[in-house]
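Dear colleague,

Here is the structure for your files. My notes on it follow below the entry.

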Amino acid sequence: MRRSLAILVLFAILVPWPRTAGAVVLEQVLVFVGHHHARVLLVLDGAVEDPRTSSAPGVGRAPPRARVLLPGTTASGTLTSAYRPIPGGVEMPVDQGGIAALAIGEVSGGSEVVVTLAEPLAATLLKVGRRALLLDLRSPQASPDPSLPGPDVLARFLNGVGFVRDEAALPGSRPRIVVDAGHGGEDTGAVGPTGTRESDVALGLAKRVADELEHRLGAEVFLTRDADRFVSLQDRAALANGQDADLFLSIHLNAAPTPALWGVETYYLDVASDADAARVARRENASVSGPEDPTSAVVSQLRVSGTSALSRRLAHEVQEAVIRRLSTVFGPDQIRDLGVKSAMFHVLVAARMPAILFEASFLSHPEEELRLRTPAFQRETADAVVEGVGRYLEAVRP
Ligand SMILES: [Zn+2]
């Protein structure tokens, strides 16, 4: 018995990762953690026939595990590249909510998600709409954690929401880029000490970026708004998804409770990288319809995996280009590099292509506010954003 098990394990390690033509693709794995209770959402691009789950208690040094077998499926390249290679598959450490790590592996006839548990949890598999499954993992002694999103909320969340595609824009084709001017209409965003409104400066910058993307990179550009009007965060992402865009650039101005904070920073979607990043996300997410919005509850607990590699690359190219150019034009001591950070932005969650949120400078800082209003600063900043996008496209389109 023991010998045949060893052979099975060896077989799993040696079998290459087959890419079955026409297979349903496991696009995304999202983890929601609660109190002795966790849920793992598996998002596919089609329906899976006969998915199965099993759990095994820990034996000896082997920790308890739960498994989901997905017959006829294969894992997306974006997803597997975000995980750490292990023999026979890839793994991501979680260390929260009773989950130690998640692994995605290939088995005969499909793919398998293996959850290594920090405590024994009972596994139940639930359907979420047509193309997602929810693995519920709960301690038999614990009551269900009401803060975890259920199948109904997640089905609504997934409706119209996709995830970053595997491929960058094709070489030779015109890149399709959505430029999103933050805020607008009754949502003015931040307001500077002398009354400068974020929504106005963001629109000016976005229009300039859009023009330059067209002229210098030959891109096909879509603005989420070209006037002072309100557009919901969901509608902004829906536009990008509907246009099948290659990139999504959201342009904002920063603000802080203290007027001393200044500098330039660029965000991509992930859990907040620090307390300041969480604060920026709270502010930029404020125009979502309120605490009853199911998407809002989902996003607040989301641990995104696998979507951020291209977005992170894009964020670095844009941030570096802006700092380089502005330091040259205005002097290095006049420009402060706050770097690339990650946080949970609603507008980025729902966009299914590499997406960043650029915070040009602080409207709450008196000198930055005045500078932001000058055409020269806006022009140099916008041109540098376009330069960064150009570098990104050169790098990812061989
Ligand atoms: Zn903003």
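F377 is buried in this predicted model, with a relative accessible area of 1%. Its ring partner F330 is partly exposed, at 26%. Those two figures fall on opposite sides of the cut-off, because buried means under 20% relative accessible area. The two rings form a tilted aromatic pair, with 5.3 Å from centre to centre and 55 degrees between the planes. A search of the whole structure finds one aromatic pair, and F330 and F377 make it up. The pair links distant parts of the chain: F330 belongs to helix α8 and F377 to helix α11, 47 residues apart. F330 has a further contact of interest, in that the charged end of R371 sits over its ring, 5.9 Å from the ring centre.

Helices α8 (309-330) and α11 (375-396) also turn up in the largest nonpolar core, to which each supplies at least two residues. That core has 43 residues, and V179, V209, L213, L249 and V389 touch the most other members. The largest share, nine residues, comes from α11. Other elements that each supply at least two residues include α4 (198-217), β12 (176-181), β14 (247-254) and β17 (355-362). In general terms, nonpolar side chains tend to be buried together in soluble globular proteins.

L249 is a useful residue to start from if you want to look around this core. Leaving out residues up to four places away in sequence, L249 touches I177, V178, V179, D180, V209, L213, L314, I356, V385 and V389. Apart from this core lies another, of 23 residues, among them L42, V115, L117 and L137.

Next, β14, the strand that holds L249. Eight of its eight residues are buried, so β14 is largely enclosed by the rest of the structure. Both of its faces are covered: L247, L249, I251 and L253 are buried on one side, and F248, S250, H252 and N254 are buried on the other. As for its pairing, β14 runs parallel to β12, with five bridges joining them, and D180 stands opposite S250. β14 also pairs with β17 in the parallel sense, over six bridges. There, H252 stands opposite E359.

Elsewhere there is an open sheet of five strands with mixed pairing, in the order β5-β1-β2-β11-β10. β5 (73-75) and β10 (122-128) stand at the edges with a single partner strand each, so one side of each is left without a neighbour in the sheet. Neighbouring strands of this sheet are turned by 30 degrees against each other on average, direction ignored. At the β5 edge, β1 (residues 24-33) pairs with β5 in the parallel sense over three bridges, and V24 has T73 of β5 as its bridge partner.

Finally, the totals for the chain. It has 11 helices and 17 strands. Of its 398 residues, 53% count as buried. Among contacts between residues at least 6 apart in sequence, 75% join residues at least 24 apart.

Regards

Technical notes. Residues are numbered from 1 along each chain as its sequence is written. This is a predicted model: local features need pLDDT of at least 70, side-chain atom pairs count only at pLDDT 80 or more; totals for chains, interfaces and linings use all residues. Side-chain values use heavy atoms; hydrogens and water are left out. Two strands pair if DSSP finds at least two bridges between them. Helices (H or I, at least four residues) and strands (E, at least two) are DSSP runs, numbered from the N terminus. Axes are lines fitted to C-alpha atoms, for helices over the stretch in contact, and angles run from 0 to 180 degrees between N-to-C directions. A nonpolar core is a set of buried Ala, Val, Leu, Ile, Met, Phe, Trp, Tyr and Cys residues joined through side-chain atoms within 4.5 Å. Buried means under 20% relative accessible area, exposed over 50%, partly exposed in between (1.4 Å probe, protein chains only). Contact means heavy atoms within 4.5 Å. Rings of Phe, Tyr and Trp (its six-membered ring) pair if their centres lie within 6.5 Å; planes under 30 degrees apart count as stacked, over 60 as edge-to-face and the rest as tilted. A charge sits over a ring if NZ of Lys or CZ of Arg is within 6 Å of the ring centre and within 35 degrees of the ring normal.
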